[in-house]
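The following report describes the architecture of a single protein chain, moving from its interior to its helix packing and then to a few individual positions.

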Amino acid sequence: MAYRRTLKRAVGCTGIGLHSGKTVRLDLKPAPAGHGIRFRRVDFGVEIPATLHYLARLDHATTLSRDGVSVDTVEHLLSALLALGVDDVLVEVDGPEVPILDGSAAPFVILIHEAGLRPLAAPRRYLKILSPVEVVRGGKTARLLPADHFRVSYTIGFDHPLLRHQAASFRITPEAFAEEIAPARTFGFLREVEMLRRSGLALGGSLDNAVVIGETGVLNNKLRFEDEFVRHKILDGIGDLALLGHPVIGHMEASKAGHALHAALTLKLQQTPEAWALVTRPQLPSFDIGPGAALAPEAS
């Protein structure tokens, strides 16, 4: 039996919000079985479950909102939590956005490793894809297909010499995520920066927390992977799938997609109950997260 997992202890960090430009404190805290992933705006005392019901804006980031209070740019943290197998956690933030840190999910992987994971006395249920579900908008597509494990395949194409075509496919395990996907940083084009800032976005963006692409190449340092751009799109896709509320057994394929299409796909899946089922499955060999990982579940 695979058991739900939470953190062994609380961990936190402070950083700048990519779009708000505001300094934010973030704390990850253990939670009981069935709690799920929830964000708590401590400055308002409002909790927002990380589920599709609370999905709000999708303007260059994924935003959750409840009772007029929102948390922006949740996708990188959600990606790390889903891929590393954290089912139940309270995420406290004292501002409007999850800190961007270095623009990737790697700092969140480090935080989760630092906290360690603890099994809970409740079985984990997976969302298993039974039949294909697809959304198409113009030349953009996203689909979920049946598979025996969780895999994400992505293709991107932009009108730029560096990004005319990139494609990658990964079976998502904690190890593969930590080593091959989490370090991939968010990216943007220099020509779009001023436009975004006039719209009140990217106010905290800098060469330290995003890959900035000029007319002839990358402006800041070197890429972490030759195909870092498409790997980051995979990272975003995993984070947006986390809003389904369960780890996925299935294959996500996307081409030239983004947060809006990811959301449309998850909403269509939710509205197509014959295409999925909640299942339990035997515990697979797991990634050891943190020293002294618990070998047996504990009561929550």
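In this predicted model, the largest nonpolar core has 78 residues, and those with the most contacts inside it are L26, L28, F39, L77, I112, F177 and I238. The largest share of this core, seven residues, is contributed by helix α1. In soluble globular proteins, nonpolar side chains tend to be buried together. Once neighbours within four places in sequence are set aside, L77 is in contact with L26, L28, F39, V91, V98 and F108, and three of these partners, L26, L28 and F39, are themselves listed with L77 among the core residues that have the most contacts.

Helix α1 spans residues 75–84 and includes H76. This histidine counts as buried because its relative accessibility is 4%, which lies under the 20% limit for that class. Beyond its neighbours within four places in sequence, H76 is in contact with I100, G103, S104, A105, F108, T186, H232, L235 and D236. F108 is thus a partner of H76 and also a partner of L77.

For the protein as a whole, there are six helices and 18 strands, and buried residues make up 56% of the 300 residues. Among the contacts with a separation of 6 or more, 75% are accounted for by residues 24 or more positions apart.

Two packed helices are described by the angle between their axes and the distance between the axes. Helix α3 (residues 174–181) and helix α5 (residues 228–241) have axes that come within 11 Å and cross at roughly 135°. The two helices are therefore oblique to each other, since an angle has to be over 145 degrees to count as roughly antiparallel. The crossing of α3 and α5 is left-handed. On the α3 side the contact is made by F177, E180 and I181, and on the α5 side by R231, I234, L235 and I238; by class, five of the residues are nonpolar, none is polar and two are charged. F177 and I238 in this contact also appear among the residues with the most contacts inside the largest nonpolar core, while L235 is one of the contact partners of H76.

Three loop positions are set out below.

| Residue | Loop | Relative accessibility and class |
|---|---|---|
| Y54 | between β5 (46–49) and β6 | 17%, buried |
| D67 | between β6 (64–66) and β7 (69–71) | 69%, exposed |
| L101 | between β8 (89–93) and α2 (106–115) | 24%, partly exposed |

Most residues other than glycine have a negative phi. What is the phi of D67? The value is near 55°, which is positive in a residue other than glycine. L101 likewise has a positive phi, near 55°, and is not a glycine either.

Y54 counts as buried at 17% relative accessibility, and, leaving aside its neighbours within four places in sequence, this tyrosine is in contact with I48, P49, T63, L64, S65 and R66. How far apart are Y54 and L243 in space, C-alpha to C-alpha, given that 189 residues separate them in sequence? The distance between Y54 and L243 is 9.0 Å.

Notes: Residues numbered from 1 in each chain as written. Predicted model: local features only at pLDDT ≥ 70, side-chain atom pairs only at ≥ 80, totals over all residues. Heavy atoms only, no water. Helix = DSSP H or I, 4+ residues; strand = E, 2+ residues; numbered from the N terminus. Buried < 20%, exposed > 50% of the residue type's maximum accessible area, 1.4 Å probe, protein only. Contact = heavy atoms within 4.5 Å. Core = buried A, V, L, I, M, F, W, Y, C linked by side-chain atoms within 4.5 Å. Axes fitted to C-alpha atoms, helices over the stretch in contact; angles between N-to-C directions. Parallel < 35°, antiparallel > 145°, perpendicular 65-115°, else oblique. Left-handed = near helix turned anticlockwise from the far one by under 90°. Nonpolar A, V, L, I, M, F, W, Y, C, P; charged D, E, K, R; others polar.
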